[in-house]
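Q: Please take a close look at the ligand and its surroundings in this model. Which residues and elements make up the shell, and what polar contacts are found there?

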Amino acid sequence: MAQRGTTRNGEADKIPASDLPQPVKIQRVRYTKIFINNEWHTSVSGRTFPTLNPATGDTICELQEADKEDVDKAVAAAKAAMQLDSAWRKMEPSRRGRLLHKLADLVERDQKLLATLESLDTGKPFLQAFFTDLEGSIKTLHYYGGWADKIHGKSVPVDETFVCLTRHEPIGICGAIIPWNFPLLMLMWKLAPALSCGNTVVIKPAEQTPLTALHIGSLIKEAGFPAGVVNIVPGFGSTAGAAIASHEGIDKVAFTGSTEVGQLIKEAAAKSNLKRVTLELGGKNPCIVFADCDLQLAVEEIQKGAFYNQGQCCTAASRVFVQDRIYEEFVRRSIENAKKIVIGDPLDPQTTHGPQIDQQQFGKIIELIESGKKEGAKLEYGGGAVGENSLFIQPTIFSDVKDSMRIAKEEIFGPVLCIFSFKSKQEVIERANNSQYGLVSAVFTTNMDRALSVSGALETGTVWINCYNAMHVQTPFGGYKMSGNGRELGEYALAEYSEVKTVTFKMNDSM
Ligand code: ADP
């Protein structure tokens, strides 16, 4: 039987094949319009756009294309829902929490359908969508549902003639601009804390992958959220996305995507109304493999990190530094392990590796692989497209990679594992930190003193020790340097969706 070695959380590997969830047959996609005020709208411009299945190149369906005027309508709805006397504003916080739990239950009810839509639209294997994206979405909704009635300020002791307290209030109208690599999960990372804190939202899914977001629109209505609290505007980045980033009526924007677009969003926010901005951007994530590590564990974890989701992860394990004594063996075992990957139809439960998202990303990855070959890295495995006229790329392994090569510096966002050799701890820390990015890193060693000292020295928002992609909804996620601003997930994300107000009373009757 084929191995399912690259499912990230390994859930599918624990279930007998006969009990695995199966994709749903989809005759017609139901939700293809713009979702504003709990209703479905056609675009003001009358334009539509297609969404494609990257595994086949076929059009899945046509969608209404939102542009600036549609964003204006969505913002007006979100603003009305945020008025002081609105149902949402007056709602008891625990009731907000119940709505989030209800939404989680509806996502769970539709889990197979949503995983099928996600797999069709992104090309990611169905089982990975089911176990990572959907399970992660459900957990995120429950987690922030639990927070809704526990968000509170403090009473602050000051001069005795005053009483001071702080209130944690919603920021207002939050824009969310979503990427195509984890369309539903990244949406939930923004939607759930925003609603938990009492905000209203305008969400723009990526143009490549709008389907699951729109299905969530239908569940928002079914769960009973008041009209206008959640609005979803499918459209393109330079039109609908830019309209959100520069909108005078939006109070905060949360973005996940490329560093280049992150810069545009921050600039647009600064030039419009100085809206708050959180950014989760690119990475060129270092993994440090010391000679005393559990080698097989390191090989398997790093390979999941490099090839998971076809390498289309900001967390991809893209710079793997291996201590010289175990270098040859690490390369050999990595090649052996890569042979277990099953490339194929994303809806087939055997498949662990699907196509890249689109022609543009495919071309960029192939060009970077070619640069690696030209610049003298040693191609150990893969190294090109699978067949002709497809978006599938072979899992690719380079050894003898030098820090100056393009594949060592640029984010590839494809299934390419780059292996470097190092001698000493001091040297590898300097090389690992020599990057404009600082998202995640990993350390493999059985010496816990070393693991902790190295984790303190690495300039990244997350350090994984003897594991990779170990994400939890309870722990914050975000980047140092050009990998982003702010944190998503955990209690920390609540601060990104609230304003703190100080209320000061003067007492005329002090002791
Ligand atoms: P990638 O380069 O990997 O395709 P992007 O950063 O371009 O990723 O896209 C992530 C999200 O940002 C998508 O929803 C996309 O539509 C949106 N986007 C792209 N360009 C802009 C822009 N100029 N302003 C706002 N959003 C944008």
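A: In this predicted model, an N or O atom in the side chain of Ser258 lies 2.8 Å from an oxygen atom of the ligand. The side chain of Trp180 likewise places an N or O atom 2.9 Å from a ligand oxygen atom, whereas Gly237 contributes through its backbone, with an N or O atom 3.2 Å from an oxygen atom of the ligand. Taken alone, the ligand would expose 560 Å², and the protein buries 82% of that area.

Turning to the wider shell, the ligand is surrounded by 17 residues, of which Ile178, Trp180, Lys204, Glu207 and Ser258 are the closest. By class, nine residues of this shell are nonpolar, six are polar and two are charged. Among the elements that supply at least two residues each to the shell are helix α8 (237–245), strand β10 (252–256) and helix α9 (259–271).

Elsewhere in the model, a helix pair can be described in a similar way. The axes of α3 (residues 93–109) and α6 (residues 183–196) come within 9 Å and cross at roughly 155°; angles over 145 degrees count as roughly antiparallel, and α3 and α6 are therefore roughly antiparallel to each other. On the α3 side the contact is made by Arg96, Leu100, Leu103 and Val107, and on the α6 side by Met188, Leu191, Ala192, Leu195 and Ser196. The residues of this contact divide into seven nonpolar, one polar and one charged.

Terms used:
Residues are numbered from 1 along each chain as its sequence is written. This is a predicted model: local features need pLDDT of at least 70, side-chain atom pairs count only at pLDDT 80 or more; totals for chains, interfaces and linings use all residues. Side-chain values use heavy atoms; hydrogens and water are left out. Axes are lines fitted to C-alpha atoms, for helices over the stretch in contact, and angles run from 0 to 180 degrees between N-to-C directions. Helices (H or I, at least four residues) and strands (E, at least two) are DSSP runs, numbered from the N terminus. Angles under 35 degrees count as roughly parallel, over 145 as roughly antiparallel, 65 to 115 as roughly perpendicular and the rest as oblique. Contact means heavy atoms within 4.5 Å. Ala, Val, Leu, Ile, Met, Phe, Trp, Tyr, Cys and Pro count as nonpolar, Asp, Glu, Lys and Arg as charged, and the others, Gly among them, as polar. A residue is near a molecule or strand if one of its heavy atoms lies within 4 Å of it. A polar contact is a pair of N or O atoms within 3.5 Å; within protein, one must be able to donate a hydrogen and the other to accept it, and residues adjacent in sequence count only if both atoms are side-chain atoms. Accessible areas come from the Shrake-Rupley method with a 1.4 Å probe; for residues, only the protein chains shown count as cover.
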